[in-house]
Amino acid sequence: MGIGDEREKDAREKAIDDWLPITSSRNEKWWYSAFHNVTAMVGVSVLSLPYAMAGLGWGPGVVILVLSWIITLYTMANGGDE
């Protein structure tokens, strides 16, 4: 790779960075993301839980609720790692 190739790559990356709303100057902490995930899940759950429990009943409703909690906990613990 020559100097011209590196400059072209840098120019492409700069163009992408200028277009994207996300920049390399981000300095958020991990708990911002965790808080956002929790509030997103809680917001949807609070609105849909009465309807889901009425449709499923107590037994299957509690099972699905615990299953969704396990999936959410697993996802947050792994942070999206493959």
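**Three helices and a pocket: questions on a predicted model**

From the N terminus on, the elements of the chain follow the order α-α-α. The model discussed here is predicted.

Trainee: How many helices and how many strands does the chain have?

Mentor: Read from the N terminus, the elements run α-α-α. No strand appears in that order, and the count for the chain is three helices and zero strands.

Trainee: What share of the residues of the chain counts as buried?

Mentor: The chain exposes about 7600 Å², and carbon and sulfur atoms supply 67% of that area. A residue counts as buried when its relative accessible area is under 20%. Of the 82 residues of the chain, the share that counts as buried is 4%.

Trainee: Is A34 buried or exposed?

Mentor: A34 lies in helix α2. Its C-alpha is 9.9 Å from that of A77, although the two are 43 residues apart in sequence. The cut-off for buried is under 20% relative accessible area. Because A34 has 18% relative accessibility, it counts as buried.

Trainee: Where in helix α2 does a kink lie?

Mentor: Helix α2 covers residues 30-56, and it contains the proline P50. Just after α2, G57 takes a positive phi of about 95°. The kink, of about 45°, comes shortly before P50, at S48.

Trainee: Which residue is 8.7 Å from L49 in space, C-alpha to C-alpha?

Mentor: L49 is a residue of helix α2. With 35% relative accessibility, L49 counts as partly exposed. The residue in question is 16 residues from L49 in sequence and 8.7 Å from it, C-alpha to C-alpha: L65.

Trainee: Which element gives the largest share of the lining of the largest pocket?

Mentor: The largest pocket has a volume of about 400 Å³. Of the 18 residues that line this pocket, the closest to its centre are M41, S45, L65, S68 and W69. Two elements give two or more residues to the lining, α2 and α3 (58-78). The largest share, 10 residues, comes from α2.

Trainee: How many charged residues are in the lining of the largest pocket?

Mentor: For this sorting, Asp, Glu, Lys and Arg count as charged. The lining has 13 nonpolar and five polar residues, and the number of charged residues is zero, as there are no charged residues in it.

Trainee: How far apart in space are S68 and S45, C-alpha to C-alpha?

Mentor: S68 has its place in helix α3. At 33% relative accessibility, S68 counts as partly exposed. S68 and S45 are both among the residues closest to the centre of the largest pocket. They are 23 residues apart in sequence, and their distance in space, C-alpha to C-alpha, is 10.0 Å.

Trainee: Why are E8 and R12 separated by about one helical turn?

Mentor: An α-helix has 3.6 residues a turn, so residues three or four places apart point the same way. E8 and R12 both belong to helix α1 (residues 3-19). Because they are four residues apart in that helix, their separation is about one helical turn.

Trainee: What is the N to O distance in the salt bridge of E8 and R12?

Mentor: Side chains of opposite charge can pair when their charged atoms come close. E8 is partly exposed at a relative accessible area of 47%, and R12 is partly exposed at 48%. The count for the model comes to one salt bridge. The side chains of E8 and R12 meet in a salt bridge with an N to O distance of 3.3 Å.

Methods: Residues numbered from 1 in each chain as written. Predicted model: local features only at pLDDT ≥ 70, side-chain atom pairs only at ≥ 80, totals over all residues. Heavy atoms only, no water. Bend = angle between axes of the 7 residues up to and from the residue. 1 Å grid on protein atoms, 1.4 Å probe; cavity = no way out; pocket = protein on both sides within 12 Å on 5 of 7 lines; lining within 4 Å. Points joined across faces, edges and corners; volume = space filled by probe spheres on them. Buried < 20%, exposed > 50% of the residue type's maximum accessible area, 1.4 Å probe, protein only. Areas by Shrake-Rupley, 256 points an atom, 1.4 Å probe, with all protein chains shown as cover. Salt bridge = Lys/Arg side-chain N within 4 Å of Asp/Glu carboxyl O.
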